Amino acid sequence: MNKFVGKIGIAEILVWIFLILVLFFTVTPIVFMITSSFMDARQILAMPYHWIPSSDYFSSADRTFFTNFQKAILGNNDNPTFFRNMFNSFFVAIVDSVTTVLLASLCGYGLAKFKFRGRNLVFMSIMATMMIPFEAIMIPLYMVVSGMKLMNTYRGLIFPFMVSAFGVFQMRQYLLTFPSEYLDAARVDGLSEPKIYSRIVLPNCKPVIATLGILSFRNQWDNLLWPLLVAQREAMKTLPQYITQFSEEKMTDEGAMMACAFLASIPMIVLFFSLSRYFLGGAAVYESRKG
């Protein structure tokens, strides 16, 4: 018995050591980005690296605590498009996240709770699209968007990503574990299918909706390849395009580049922590229902 308890103790210690190492390697780049956004290039490249900005950095009259952030916002030619590009990314990511959650939940609900001929074929066909890399359909999709005269428009940025095969898969798998007895009882009470979907299904899918919403938002927030094709005007560019252009202009100013990256990370950090209780609880709820 003592040997068994000792083995369990050693296993727990090894797990904790592994988790701490994972946490360290995950958080260190983020901490480096935040601290270096307040430093100049000399301090950033100093060896060993000092995690707290030196007071000497702010001693000169031309530098303040937010000098790097001012450079990040004003850009190279003092023609600030940062907030416009951030709004574009935010608007596109929000719209695509909402439509992805709505359409994926409708499709997943139908595939999970309605029996009809060819249901499995429809589901497998949707899943098969996940095997096709975006680069393979990028040029045909570009030609379609260009032919519809959607270049340099929000519609051109939004339409190709309004629904996700992964989102359909995630919603279907989650709803397969949802008790059908609740739906049958609602039908007996006279609720229509739209009301069952809006009043029963969606309120009980908060964990998976939050998870899918965060992942969809992140995918579009970080999307660079598609906006490079369809958004050439400065007013329609997204934040990843701004960061790419800024890094080329400020390639010798590491502090300003880190400040730009930090500013771009803030919305994702806020979104995650605001929905973390649903996001982190989604897997636990799913596993408990499976059991």
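This is a short dialogue on reading cores, cavities, pockets and backbone angles in a predicted model.

Student: Where do I begin with the inside of this protein?

Tutor: Begin with the nonpolar side chains. In soluble globular proteins, such side chains tend to be buried together. Now the case here. The largest nonpolar core holds 23 residues. Tyr109, Leu175, Leu183, Ile196, Val201 and Cys205 have the most contacts inside this core.

Student: Which elements give two or more residues to this core?

Tutor: Six helices are on that list: H4 (82–113), H5 (119–128), H8 (165–176), H9 (180–188), H10 (193–201) and H11 (206–221).

Student: Is there another core apart from this one, and how many residues has it?

Tutor: Another core lies apart from the largest, with 20 residues. Phe217, Trp221, Leu239 and Phe262 are among them.

Student: Let me zoom in on one core residue. What is Ile196 in contact with, beyond its neighbours within four places in sequence?

Tutor: Find Ile196 and look around its side. With those neighbours set aside, Ile196 is in contact with Tyr109, Leu183, Ala186, Arg187, Leu191 and Val201.

Student: Now a serine. Is Ser89 buried or exposed?

Tutor: Use the relative accessible area. Under 20% counts as buried. Ser89 has 2%, so Ser89 is buried. Ser89 sits in helix H4. Not counting residues up to four places away in sequence, Ser89 touches Trp221, Thr238, Leu239 and Pro240.

Student: How many cavities of 30 Å³ or more does the structure hold?

Tutor: A probe fits in a cavity but cannot get out. The structure holds one of 30 Å³ or more. About 50 Å³ of space lies in the largest cavity.

Student: What lines the largest cavity?

Tutor: Val92, Leu157, Gln220, Asn223, Trp226, Pro227 and Thr238 line it. By class, that lining has four nonpolar residues, three polar and no charged.

Student: And the pockets? How much space lies in the largest pocket?

Tutor: A pocket is open, unlike a cavity. The largest pocket has about 710 Å³ of space. Its lining counts 23 residues. Nearest its centre lie Phe134, Phe161, Val163, Ser164 and Asn219. H4, helix H6 (134–147), H8 and H11 each give two or more residues to this lining.

Student: Which element gives the most to the lining of the largest pocket?

Tutor: H11 does, with five residues. The lining divides into 14 nonpolar, eight polar and one charged.

Student: What about the second largest pocket?

Tutor: About 400 Å³ of space lies there. The second largest pocket is lined by 14 residues, and Ile30, Met33, Ser265, Met268 and Ile269 are the closest to its centre. At least two lining residues each come from helix H1 (2–36), H11 and helix H14 (254–274). H14 gives the most, with seven. By class, the lining of the second largest pocket has 11 nonpolar, one polar and two charged residues.

Student: Last topic: backbone angles. What is phi of Lys149 near?

Tutor: Check the sign of phi, then check whether the residue is a glycine. Lys149 has phi near 60°, a positive value in a residue other than glycine. Lys149 lies in the loop between H6 and helix H7 (154–158). Asn152 lies in the loop between H6 and H7. Asn152 has a positive phi too, of about 55°, although it is not a glycine.

Student: Are Lys149 and Asn152 buried or exposed?

Tutor: Over 50% counts as exposed. Lys149 has a relative accessible area of 70%, so Lys149 is exposed. Asn152 has 17% relative accessibility, so Asn152 counts as buried.

Terms used:
Residues numbered from 1 in each chain as written. Predicted model: local features only at pLDDT ≥ 70, side-chain atom pairs only at ≥ 80, totals over all residues. Heavy atoms only, no water. Core = buried A, V, L, I, M, F, W, Y, C linked by side-chain atoms within 4.5 Å. Buried < 20%, exposed > 50% of the residue type's maximum accessible area, 1.4 Å probe, protein only. Helix = DSSP H or I, 4+ residues; strand = E, 2+ residues; numbered from the N terminus. Contact = heavy atoms within 4.5 Å. 1 Å grid on protein atoms, 1.4 Å probe; cavity = no way out; pocket = protein on both sides within 12 Å on 5 of 7 lines; lining within 4 Å. Points joined across faces, edges and corners; volume = space filled by probe spheres on them. Nonpolar A, V, L, I, M, F, W, Y, C, P; charged D, E, K, R; others polar.
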